[in-house]
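Q: Could you take me through one loop of this model slowly, as if I were new to reading structures? Once that part makes sense, I'd be glad to hear how the rest of the picture fits around it.

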Amino acid sequence: MPDTVPGSLRAYLHGLPGVDEVGVGRRAADLATRSIKTTAKRSAIDLAISMVDLTTLEGADTPGKVRALAAKAVRPDPADPTAPSVAALCVYPDMVAVAAEALKGSGVGLASVATGFPAGRTSLEVKLADTSAAVAAGATEIDMVIDRGAFLAGDYRKVFDEITAVKEQCGPAHLKVILETGELVTHDNVRRASWLALHAGADFIKTSTGKVAPAATLPVTLIMLEAVRDYRAATGRQVGVKPAGGIRTTKDAIRYLVLVKEIAGDDWLDPAWFRLGASTLLNDLLMQRTKLATGHYGGPDYYTID
Amino acid sequence: MEIFEYAPAPESRAIVSIRPSYDLFIDGEFVESKSDERLVTVNPADEEPLAEVAVADDADVDRAFAAARRAFEQVWSRLPGAERGKYLFRIARVIQERARELAVLESLDNGKPIKETRDVDLPLAAAHFFYYAGWADKLAHAGLGTRPLGVAAQVIPWNFPLLMLAWKVAPALATGNTVVLKPAETTPLTALAFAEICQEAGLPPGVVNIVTGAGATGRAVVAHPGADKVAFTGSTEVGREIARAVAGTDKRVTLELGGKGANIVYDDAAIDQAVEGIVTGIFFNQGHVCCAGSRLLVQESIADELLARLRARIERLRLGDPLDKNTDIGAVNSAAQLARIRELAAAGQAEGATGWSPACPLPERGYWFPPTVFTGVTQAHRIAREEIFGPVLSVLTFRTPEEAVAKANNTPYGLSAGVWTEKGSLMLWTASRLRAGVVWSNTFNVFDPASPFGGYKESGYGREGGRHGLEAYLD
């Protein structure tokens, strides 16, 4: 449920403390030097796998492709059943029914992008219909996009109201709000958009669609983690964070986990509160996982291409 | 699923081979001291001895100055600047090539975390040599004269052993001077490794001479009649002694001494980055930093929120094995320094300030002090006035910009300050009124060889770094 924002939204959001770009960059770079080895690496890899939102968002997606990816989401490494399942499969709304069928009984979540993903340049009616169709078809999570045009024009109320309307439409499904930080550009905007989405009732705030460069970055994710940390301290409600796009290697993924641990804290080190939106990342995680267990790398042909 | 905790990630010490015993480096060679006295340098993280080092007596210091004078007159001052530059570039490259080894050695001898030696001390030390190598053939364009002074007597502290050596040696050599350098008694090992680097770079004998020892050796070096110039970094107390020793002589002097830097946080600051800056300001290098931001001046209207965030941040600092790549806070350098920190922290408590430290187990062996924040500090407290040189922050509040500046300047020191505000005009207003050699704007403890560094008042005189740093070595 949306909570009350005191005074005007504009006064509130512009009253948030600023973000110093250089300082955030330094902090993120410093945390990226953490050295995660041996047992720490093993637990980080399994945690990262369990946090992946395995994603396919292409015009060329077909039922066959979605089924293949669903199988991989449930059992990422056919050769090693101890590898955990991913958190969710993430598809376009018209693929939700196929995915729901393929994932039935697996415990893997089903996320659907909605609200005119990725640009969001459509009417509220269409966005709401898009959302309810995805939920009706079996989506347990909705990844919506905010109206970046309205945000940049300073029409914060419109952005806020759209989020609350979509949230209402979600019913039991969890709502992830995509800020598309690559289009918001400044770190001050990222902080304001984060707090706007938090107050509007987001269950997760997500960096990017993956269709705009830059997608997820460490500094932007750091700012969003600070926002959810401070929001919980202020309101008692915990909200998740999902960086998406551009996270391709195990090393990248572990850097995000370090960020979660040191900025938001251990409470967020759980698939319920942190996700990694990615596709190719999973194979690298599996490859590194096998390397740690056996001492050698299997070639790429030992991991499935879907 | 296992909980994600960082496993130990120690940097290997196998890359360093420490000799059991070191001699003096005079005239391009390691030579035995005339005295029988030796000192033992220990690893402050576990109190294990690392090596035995010669203690230079007056005769040794004489030999070093004779070698430096000979090298100055016969070789170094006669070389074209471009040739001197080549040696400096070579030294810089060898430092880079041996960076990992030197970083481990520095962490072992000093106690500072490998993360800092690897990412700060070593890159900056190499950068200083590169920077001044570039000046060597361009002195005519610096507008400061082109004649070297002669032989420089240089005494450096234990907090950044190799980096302070670079700050001293690089500009002296670039300008055509030769050097007799005395490293600190608790951290001589990287200076002795640097002596090997001089050999490796083929530096002519006598251009750099390194004499190890304690206070008596240092006094002999700065008082030596063969010194044309004295450069010292260390405590204000010793700085005064040096100023007295050279008074009435024609020696030139630069002193880089203590500080009690103010870190001013206005109510509109980028609060999370300000918290980072406060942490960097006082806990970087265990607070063993002359320009540390040891006094936090926070605007009263945001003090409670800022301090809550600061405490939460400090809770996350990782104290322990300096060689662990995830360690943020290492060991205090010596038993003597630990005693000084303890004494001042006790004085803070006794005078009515409130100390706080995170729940942070300290290793059983070695010299350790937890990160500590004192609130309720007033200008009258010793911990607001005296340099602690440890991980101890004194927090004071202010109401208006005028009060912030007045309190920041109300100290016998004047080395560094930091200002945190998102408002440009307030930043400039404040910075222009602070009597400090370095003022950092929305950051803290950032260094660059191109930027001059030095103090006002009891923080010393002269500047090191940048074009200004050449002036101290040219006539």
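A: Let's start with P118(A), which sits in the loop between strand 3 (109–113) and helix 6 (124–136) of chain A. Keep in mind that this is a predicted model, so what follows describes a prediction. The thing to look at here is the link just before that proline: the peptide bond from F117(A) to P118(A) is cis, with omega near 0°.

Stay in that loop a moment, since T115(A) also has its place between strand 3 and helix 6 of chain A. The backbone of T115(A) has a phi near 65°, which is a positive value in a residue other than glycine. Is T115(A) buried or exposed? Count the neighbours: 30 other C-beta atoms lie within 10 Å of T115(A), and the cut-off for buried is 20 or more, so T115(A) is buried.

Now hop to another loop of chain A, the one between strand 6 (204–206) and helix 11 (218–235), where you'll find P214(A). Here a cis peptide bond joins A213(A) and P214(A), with omega about -5°.

For a positive phi in the other chain, go to N442(B), which isn't a glycine and has a phi of about 55°. Look for N442(B) in the loop between strand 17 (438–441) and strand 18 (460–461) of chain B. With 20 other C-beta atoms within 10 Å, N442(B) counts as buried, because the cut-off is 20 or more.

While you're in chain B, zoom out a bit. An unreviewed UniProt entry places the feature "domain: Aldehyde dehydrogenase" at residues 30–474 of chain B. That span is 41% helix and 16% strand, and its end C-alpha atoms lie 29 Å apart.

Finally, see where the two chains meet. The contact takes 25 residues from chain A and 22 residues from chain B. On the side of chain A that touches chain B, helix 2 (21–31), helix 3 (38–51) and helix 12 (250–264) each supply at least two residues. Helix 3 of chain A gives the most to that side, with seven residues. Sort the residues on that side of chain A by class and you get ten nonpolar, seven polar and eight charged.

Conventions:
Residues numbered from 1 in each chain as written. Chains lettered and ligands numbered in written order. Predicted model: local features only at pLDDT ≥ 70, side-chain atom pairs only at ≥ 80, totals over all residues. Contact = placed C-beta atoms within 7 Å. Helix = DSSP H or I, 4+ residues; strand = E, 2+ residues; numbered from the N terminus. Nonpolar A, V, L, I, M, F, W, Y, C, P; charged D, E, K, R; others polar. UniProt positions renumbered as here; feature names shortened; annotations may be inferred. Buried ≥ 20, exposed ≤ 12 C-beta atoms within 10 Å, placed from the backbone.
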